[in-house]
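Colleague: I am new to this model and would like a close look at a single part of it. Could you take your time and walk me through the surroundings as well?

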Amino acid sequence: MKELTPFYQAINDPAALGRRITHKKIIGTLCSYAPEELIYAAGYHPMRLFSSKADTQLAQNHLQTYCCSVVRGVLEDSLAGRLDFLHGTVFVHTCDSMQRLSDIWRLKGQYPFFADVILPAKMHTPSAKKYMAAVLERCKTDLETDTGRPVTSQSLADAIRMYNRIRKNLSRIYALKSRYPAVLQNKDLLALVKGSMIMDRQEAADHLDNVILRLAAAVPDVKDSPIAPDKRLILSGSVCDMPGLYDLFQDTGAAVVGDDLCTGRRWFDGLIPEDMEPMAAITQRYAQRLVCPAKHRGLHERADSLVDQAKNLGADGVVFALLKFCDPHAFDYPYLKARLDDAGIKSLVLELDDGQDSQGQLATRIETFIHMI
Ligand code: SF4
Ligand code: SF4
């Protein structure tokens, strides 16, 4: 489908894309809690950083081997000069690995701009919201100091509208994929979300419009397709930057119909109210969006949301795609699995490395699971 081409072009070589963006300075982010709307409103291009998956020779001098492969991979790319298009980076303090990476990044001082955003761990209490608002205000000030210009309410409102448009579009595409699984390949979901995280946002929003039009036109052809995948899966984990894994599900006749991933729904979940004061509205979305295990909004929030999603989408199973050494997700897994068991929803856990592109044993385990559900 030619409408997907810009997304695949972007994700196939993000560094080349970064070097082509010359009209704006680029600020890298590493977490879906990064305040991209603020970065965008300040006139920068926010670009989510993913590991290029090169061997980590340099990073191992700075990080323990028990850091996750995303953190090790991105540090390697930085130390090797592959991120030379960056003007700076905004780090969000979440897990231990990310906090260590932020310290090393700051000390190495390779880029002109650096900001830490130390959000609260609890996201929903009144005091957390107050604190969060102050932290975001400080991030805004850091950006303003760097540009030498104020971030106006108008530019914030424009950024919010842009991000809401992208989020709405991705939600609509996910809804279409869930309703008509044959309308897209599984790995196209990853390409669309990841591409939207790194492309020029205006272009991403326009291209997503085109994808939706094309998918809507394709629905009559795929609605009763005999080759439609007949098993429905939800993926859960942190970052799942492995198109090969999505292909394995496709090859075994399973459709990914939803997810709880930072390379998926967690990035685009929740719209920012457009009728509120912009900074308060951004804070409100943070407090209400799908929570990750490095943050907290009640003891049962993540399990409730995963079970609800699985039921609402009629999922046959949930696959936990966990990165090795990702403690927050490993910690949450037993209780999530127990809740899925209680709800009669089968699950499989895969422990993966970001660089691994899923073959052999993995294929056998997935096939067995798909036949079982
Ligand atoms: S899992 Fe949480 S901490 Fe890790 S990248 Fe996603 S939002 Fe950030
Ligand atoms: S949450 Fe997990 S995957 Fe994300 S940076 Fe932390 S350890 Fe790595």
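Colleague: Leaving aside its neighbours within four places in sequence, which residues is D241 in contact with?

Modeller: Happy to help. First, a word on what you are looking at: this is a predicted model, in which local features need pLDDT of at least 70 and side-chain atom pairs count only at pLDDT 80 or more, while totals for chains, interfaces and linings use all residues. Residues are numbered from 1 along each chain as its sequence is written, and chains are lettered from A and ligands numbered from 1 in the order in which they are written.

Now to your residue. Leaving aside its neighbours within four places in sequence, D241 is in contact with F50, K194, T263 and D354; two residues are in contact if their C-beta atoms, placed from the backbone, lie within 7 Å. You will find D241 in the loop between strand 5 and helix 10 (243–251). Helices (H or I, at least four residues) and strands (E, at least two) are DSSP runs, numbered from the N terminus. D241 has 23 other C-beta atoms within 10 Å, so it counts as buried. The cut-offs are these: 20 or more other C-beta atoms within 10 Å of a residue's own make it buried, 12 or fewer make it exposed, and anything in between is partly exposed, with C-beta atoms placed from the backbone. D241 and D353 are 112 residues apart in sequence, yet 9.8 Å apart in space, C-alpha to C-alpha.

One of the partners of D241, D354, leads us to another residue. Leaving aside its neighbours within four places in sequence, G73 is in contact with S51, S52, K53, T56 and D354. G73 sits in helix 4 and is buried, with 24 other C-beta atoms within 10 Å. K53, in the loop between strand 2 and helix 4, has 18 C-beta neighbours inside 10 Å and therefore counts as partly exposed. Its backbone is worth a glance too: K53 has a positive phi of about 70° although it is not a glycine. For background, most residues other than glycine have a negative phi.

Let us step back to strand 5, which comes before the loop of D241. An open sheet of four strands has the order 6-5-7-8, and its pairing is parallel; two strands pair if DSSP finds at least two bridges between them. Strand 6 (254–260) and strand 8 (346–352) stand at the edges with a single partner strand each, so one side of each has no neighbour in the sheet. On average, neighbouring strands here are turned by 25° against each other, direction ignored; axes are lines fitted to C-alpha atoms, for helices over the stretch in contact, and angles run from 0 to 180 degrees between N-to-C directions.

Strand 5 has partners on record in this sheet that you can trace by eye. Six bridges join strand 5 to strand 6 in parallel, and K231 stands opposite A254 in strand 6. Five bridges join strand 5 (residues 231–237) to strand 7 (residues 317–323), again parallel, and the bridge partner of L233 in strand 7 is G317. Strand 6 is mostly covered, as seven of its seven residues are buried. Strand 6 is also among the elements that cover the buried residues of helix 7, together with others including helix 8 (186–198) and helix 9 (201–222). Helix 7 (residues 153–179) has 27 residues and reaches 38 Å from its first C-alpha to its last, close to the 39 Å expected at 1.5 Å a residue; the expected span is 1.5 Å times one less than the number of residues.

Finally, look at the ligands. Ligand 1 is surrounded by C31, S32, Y33, T94, C95, S238, C262, C292 and A294, where a residue is near a molecule if its C-beta atom, placed from the backbone, lies within 6 Å of it. Around ligand 2 there are 13 residues, the closest being C68, C95, S97, S238 and C326. Helix 4 (69–79), helix 5 (96–108) and helix 14 (327–342) each give two or more residues to that shell.
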